Amino acid sequence: MYRYYQTSRTHGWEHLRDAPDVDDQVRKLGAKYLSVLAVDTVLNDEVDSPHDRQYRGPFYIDIDSKHDLAEAVQSARDICDKLIDTYGVHEDHIYAWASGSKGIPIIVPASCFSSGRAVKWLPLIYREMAKALWEPGLDFQVYSQGRGNSWRLENLQREDGNYRVPITMAELKALTAENYKEFVKAPRVLVRDKPSDVKYAKLEQLFKNCADIIKKDRNRINTVNPVPDKKLVEYFKEEVPQCITDVCDHRKRPDASFNALAMQLSIF
């Protein structure tokens, strides 16, 4: 399995094998960003499709209310409350950070709800899980495949002078837009509990349910149902509208947009 890192957002991606000390390894290489998930192969943008790749890593959520830090704080608190009250996750096994800007990333280790083995379509499964926890500001763009989403390394200074720092659940409960700014002014060390073999049954069931949803959805997308010739004849037995023949003949009004043409074709 491989993780991907960048030394800046403008530099290309580099990869290295995933390992328990991967954070320390990439810091020595000058990295500032590291992918959240590990992927089972080295991806080549030009030839590789991410859809058949397998991924491994924690369930992750990113709260990012760009213009409302107070909303981001409240949403993060509400999501963690759902994980604790609805899914039974112990607060020591929910890890949160203040990103240094207006975000609050959250993760739950995979060992709390699964075998932790690599899984196909894992980012999409996590997206479905995030839907069950939705609160304002929850960013669904982070569930991309390919190399996946990356986060700034903990306690590295940002361009604005702030840091991405860990916070406890108790600190999150007391967090405000004002004291958030104090938290991120300097690095801070927080020793996290590492879950052993504990499994949270309700979260485990959510993971399984979401995996089934994605599996069915991907199979449906990948299944081609041929239409018999006789059926095609029935579809097109009526005269084709002029707007459609114009599209087929590469003719269109000078003021017609692509969206207008696509809509005509879709309606037909």
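Q: Which backbone nitrogen does the side chain of Ser114 reach, and at what distance?
A: Keep in mind that this is a predicted model. Ser114 is found in the loop between strand 8 (103-108) and strand 9 (119-120). From there, its side chain reaches the backbone nitrogen of Gly116 at 3.1 Å.

Q: Is Ser114 buried or exposed?
A: The cut-off for buried is under 20% relative accessible area. Ser114 comes in at 12%, so this loop residue counts as buried.

Q: Which residues is Ser114 in contact with, leaving aside its neighbours within four places in sequence?
A: Look towards Lys208 to get your bearings: its C-alpha is 8.6 Å from that of Ser114, although the two are 94 residues apart in sequence. Once the neighbours within four places in sequence are set aside, the contacts of Ser114 are Lys199 and Phe207.

Q: What kind of aromatic pair do Tyr60 and Tyr126 form?
A: The structure holds 10 aromatic pairs, and this is one of them. A ring pair is described by the distance of the centres and the angle of the planes. For Tyr60 and Tyr126 those values are 5.9 Å and 85 degrees, which makes the pair edge-to-face.

Q: How many residues apart in sequence are the parts that the pair of Tyr60 and Tyr126 ties together?
A: Tyr60 is buried, and so is Tyr126. Tyr60 belongs to strand 6 (residues 59-64) and Tyr126 to helix 3, so their pair ties together parts whose separation in sequence is 66 residues.

Q: Why is the pair of Tyr126 and Phe207 described as tilted?
A: Planes under 30 degrees apart count as stacked and those over 60 as edge-to-face, with the rest tilted. The ring centres of Tyr126 and Phe207 are 6.5 Å apart and the planes meet at 50 degrees, so the label is tilted.

Q: Where in the chain does Phe207 lie, and how many residues is it from Tyr126?
A: Phe207 is buried, with a relative accessible area of 10%. Its ring partner Tyr126 is in helix 3, so to speak across the chain, while Phe207 is in helix 6 (residues 201-222), putting them 81 residues apart.

Q: How many of the 11 residues of helix 3 are buried?
A: Helix 3 spans residues 122-132 and is mostly covered. Among its buried residues are Leu122, Ile125 and Met129, as well as Tyr126, whose relative accessible area is 1%. The count of buried residues is eight.

Q: Which ring does Arg164 lie over?
A: Ring pairs link a cluster that includes Tyr126, Phe207 and Trp97. Arg164 sits 4.5 Å from a ring centre in that cluster, over the face of Trp97.

Methods:
Residues numbered from 1 in each chain as written. Predicted model: local features only at pLDDT ≥ 70, side-chain atom pairs only at ≥ 80, totals over all residues. Heavy atoms only, no water. Buried < 20%, exposed > 50% of the residue type's maximum accessible area, 1.4 Å probe, protein only. Helix = DSSP H or I, 4+ residues; strand = E, 2+ residues; numbered from the N terminus. Phe/Tyr/Trp six-rings, centres within 6.5 Å; stacked < 30°, edge-to-face > 60°. Lys NZ or Arg CZ within 6 Å of the ring centre and 35° of its normal. Contact = heavy atoms within 4.5 Å. Polar contact = N/O pair within 3.5 Å; in protein donor to acceptor, adjacent residues only side chain to side chain.
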